[in-house]
Amino acid sequence: MSAATQGQAPYYFVPGPSRHPIMAAIGLFFVILGAGQWVNGSSWGAYSVLFGLVWWGFVLQQWFREAISESEKGLYGHRVDLSFRWSMSWFIFSEVMFFGAFFGALYWLRQHSVPNLGGLENALLWPDFKAVWPSMAAGATASPAGVVEPFTTMGPFWLPTINTALLLTSGVTLTIAHHALRENHRGKTIAFMWLTVLLGATFLVVQGYEYYHAYADLNLKLSSGAFGSTFFMLTGFHGFHVFVGMLMLLFITIRIMKGHFTPDRHFGFEGAAWYWHFVDVVWLGLYIVVYWF
């Protein structure tokens, strides 16, 4: 992990008591408090959320800087490296379960909830309702109570397909950067890392335009019934993960430019790469299930 190892690392480095966990918890407290008040109409809630996020970000910056300093001092040995790998593996597994829940909700809506609403037992209540997916059909209503405005679904061409190409390309450039780092070609590594970060940022810009197009031209909103809610929850949470992954890659790139990491010890790079490839795989599932079917 360190490019400037000083002496022999301890068998397992145990840091001293730290203020960072409690300070981060305080920031999250203000975020949750403010969010709860904001959605219930209190104007001060937005300021509480902003304060909490700024506080939380400042604490994380200090926390990460301290961890990087410990790594560069050679305090992290083989056992700590293993603990980092297991921790990142379980974190990504939790993310798999997170997205699995939303994919499962989408499956249940399409295969069970909507067909059941179109069954005989509901025909007298909603005679014009048709059990179709997406929940819009010509000559039929997908909102028996009239609470959902008509909307048009988002197809795969061209914005989602462009974003698919961007993410797949970023996976390739990240892999090239990884191989360059292992071969100690630091200049090549930095160039391809910056290209990966740029591709991730471009993905977010395209997705932002896609959301504008959905709201302004297709009338597709979060309130557009079951389809709208699952569409924006899946793609929105994925976009947030792309943003987080892009920040991880950005900071890793800056560390490489400062001379951190070696061809043999660079798990900070590998952990961010694992996360980015996970984001790629989730998008492929979204692209097929949400946009094509």
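The following turns go through a cavity and some backbone features of a predicted model.

Modeller: This is a predicted model, where local features need pLDDT of at least 70, side-chain atom pairs count only at pLDDT 80 or more, and totals for chains, interfaces and linings use all residues. Residues are numbered from 1 along each chain as its sequence is written, and side-chain values use heavy atoms, without hydrogens and water.

Biologist: Which helix gives the most to the lining of the largest cavity?

Modeller: A cavity is a set of points, on a 1 Å grid over the protein atoms alone, where a 1.4 Å probe fits but cannot get out; lining residues have an atom within 4 Å of a point. Helices are DSSP runs (H or I, at least four residues), numbered from the N terminus. α3 (78–117), α6 (225–257) and α7 (267–292) each supply at least two lining residues. With three residues, the one that gives the most is α6.

Biologist: Is F261 buried or exposed?

Modeller: F261 lies in the loop between α6 and α7, and has a positive phi of about 75 degrees although it is not a glycine. Buried means under 20% relative accessible area, exposed over 50%, and partly exposed in between (1.4 Å probe, protein chains only). F261 has 1% relative accessibility, so it counts as buried.

Biologist: What is omega for the peptide bond that joins F157 and W158?

Modeller: Most peptide bonds are trans. W158 is found in the loop between α3 and α4 (159–182). The bond joining F157 and W158 is cis, with omega of about 0 degrees.
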